[in-house]
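Thanks for coming. I have one structure to show, and I will keep to how its helices and strands are arranged.

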Amino acid sequence: MADSILIINAGSSSLKFSLYRETANEFITSANGLLEGIGTKKPHLIIKNNKKEVLFEKNWTDPELFKASARDALFDETIEWLFGHLGDDKIVGIGHRVVHGGSEYSAPALVNEKVYEDLKALTPFVPLHQPASLSAMRVMLDKSPDIAQVACFDTAFHSTMPDYAKRFALPRKYFDKGVRRYGFHGLSYQYIVQHLQEEKSPLATGKLVVAHLGNGASVTAIENGKCVDTSMSFTPLDGLVMGTRTGHIDAAIILYMLQEEKLSPDEIENVIWKKSGLLGISDISSDMRDIMSEINTNGAKRENAKQALDLFIYRLVGEIGRLSASLQGIDGLVFTAGIGEHSPELRSEVCKALEWLGVRFNEEANKAGKQLFSTPESKILVQTIPTNEELIMLQEVLKFAKK
Ligand SMILES: Nc1ncnc2c1ncn2[C@@H]1O[C@H](COP(=O)(O)OP(=O)(O)O)[C@@H](O)[C@H]1O
Ligand SMILES: CC(=O)OP(=O)(O)O
Ligand SMILES: [Mg+2]
């Protein structure tokens with residue numbers, strides 16, 4: 001019988017989980033699960049062990065389970081499997097990734113009914129992300145009220161931003177109501193800082209920009225391990241071009257959609273969160289791999305794909321420039337998350353566009369996936385570091401776990 005910790009990362013259409021089992025005083029991954037396609041006709045669950053062997057796989061065919069409202073039912077079945085798999089092992093703590101902690105939660109918090117209600121009140125700020133975390137939390141609170149559950153916030157890392165980086169130029173009352181720049185992907189940024197500290201990298205105490213480029217994408221300016229500014233703001237819609245989100249747009253476009261196109265708030269929400277970004281421009285896909293393959297294979301929509309990629313890079317480079325100015329120069333640039341970790345082509349284009357900043361890099365080292373791929377004459381250290389948001393959550397849960 002061993003202690004286990006469950007880490008849950010609930011997204012708008014997917015849910016990832018990692019189960020860690022204590023072996024010789026260390027928590028080691030024993031299973032990783034991905035429940036995808038929530039709210040579509042293809043809900044799919046796959047669970048693998050730490051050797052990447054498939055432990056369990058399921059496709060659902062009941063149309064009732066194709067609705068977004070079936071999230072809890074699908075999650076329930078996933079948890080059933082997990083509890084069965086545990087055997088005599090005992091879950092001593094659960095970590096939930098919560099995208100928004102508002103102005104009140106700037107550190108991980110033990111979930112109780114009050115915390116749950118506080119987080120629920122933040123739903124209008126993050127309509128696609130918060131309901132998913134809350135639903136996973138509710139299922140687990142009802143199922144296992146005695147297990148310590150810890151909410152780990154994407155916003156927490158950014159609480160050190162100076163006042164001017166937290167404000168919009170709106171009448172004061174909005175700031176007081178919580179309409180502020182918060183920033184997201186904080187668990188990922190925290191991991192990168194921790195990794196640099198463990199490696200005793202000079203970047204751990206220097207000035208750096210970290211680019212978290214996944215389905216959601218953001219860049220953050222960090223000095224001496226603390227956040228100074230970031231590209232996402234009130235919600236994870238702002239900043240860079242993303243898979244399906246607009247990134248920064250002129251706020252008056254929303255008025256145009258509302259007043260001229262007579263779109264409803266729900267329709268506008270759908271356009272700006274789910275139909276824009278790489279998907280909107282390319283008219284092909286939200287996945288960077290599909291965009292690049294369309295360009296490389298000279299597909300029918302090659303020009304669209306090229307425009308999507310060019311804009312993604314242009315806006316990313318521009319934002320790195322802005323953050324470099326806010327830091328008054330940088331010592332390092334780090335790429336992470338799906339695109340950042342796996343696309344040498346993208347990293348290469350970004351680095352070429354940053355030559356003016358003193359970036360020099362070795363293309364072979366970049367292609368080979370070497371962590372450090374800047375050359376000795378580069379003014380800036382350029383690295384690829386695989387992120388590990390789950391590890392940060394595991395560390396937080398261990399502080400609360402009832403063992
Ligand atoms: N080899 C690759 N080349 C380009 N992009 C990739 C590659 N592998 C993964 N990606 C991109 O990474 C994205 C997912 O990143 P990830 O960090 O897992 O996102 P999330 O956690 O938001 O789901 C995908 O949308 C895909 O575009
Ligand atoms: C905050 C955010 O955008 O998260 P994700 O990239 O998982 O959608
Ligand atoms: Mg992610």
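I will take the sheet, then the helix lying across it, then a pair of helices further along the chain.

Keep in mind that this is a predicted model.

The sheet is open and has eight strands, in the order 5-4-3-2-1-6-8-7. Its pairing is mixed. As a reminder, strands of a sheet pair through backbone hydrogen bonds, in either a parallel or an antiparallel way. Which are the edge strands? They are strand 5, residues 54-59, and strand 7, residues 109-110, and each of them pairs on one side only.

Inside the sheet, look at strand 3, residues 26-36, and strand 4, residues 44-48. These two are antiparallel, with five bridges between them. One residue pair to find on the screen: Glu 36 has His 44 of strand 4 as its bridge partner.

Now helix 1, residues 71-86. It lies across strands 1, 2, 3, 4, 5 and 6, and runs at about 150° to strand 3.

Last, helix 10, residues 288-296, and helix 11, residues 302-326. Their axes come within 8 Å and cross at roughly 130°. The angle is over 115 but not over 145, so helix 10 and helix 11 count as oblique to each other. The crossing of helix 10 past helix 11 is left-handed. Which residues make the contact? From helix 10 there are Ile 291, Glu 294 and Ile 295; from helix 11, Arg 302, Ala 305, Lys 306, Ala 308 and Leu 309. Sorted by class, that contact has five nonpolar and three charged residues, and no polar ones.

That is what I have.

Methods
Residues numbered from 1 in each chain as written. Chains lettered and ligands numbered in written order. Predicted model: local features only at pLDDT ≥ 70, side-chain atom pairs only at ≥ 80, totals over all residues. Axes fitted to C-alpha atoms, helices over the stretch in contact; angles between N-to-C directions. Helix = DSSP H or I, 4+ residues; strand = E, 2+ residues; numbered from the N terminus. Parallel < 35°, antiparallel > 145°, perpendicular 65-115°, else oblique. Left-handed = near helix turned anticlockwise from the far one by under 90°. Contact = placed C-beta atoms within 7 Å. Nonpolar A, V, L, I, M, F, W, Y, C, P; charged D, E, K, R; others polar. Pairing = 2+ DSSP bridges.
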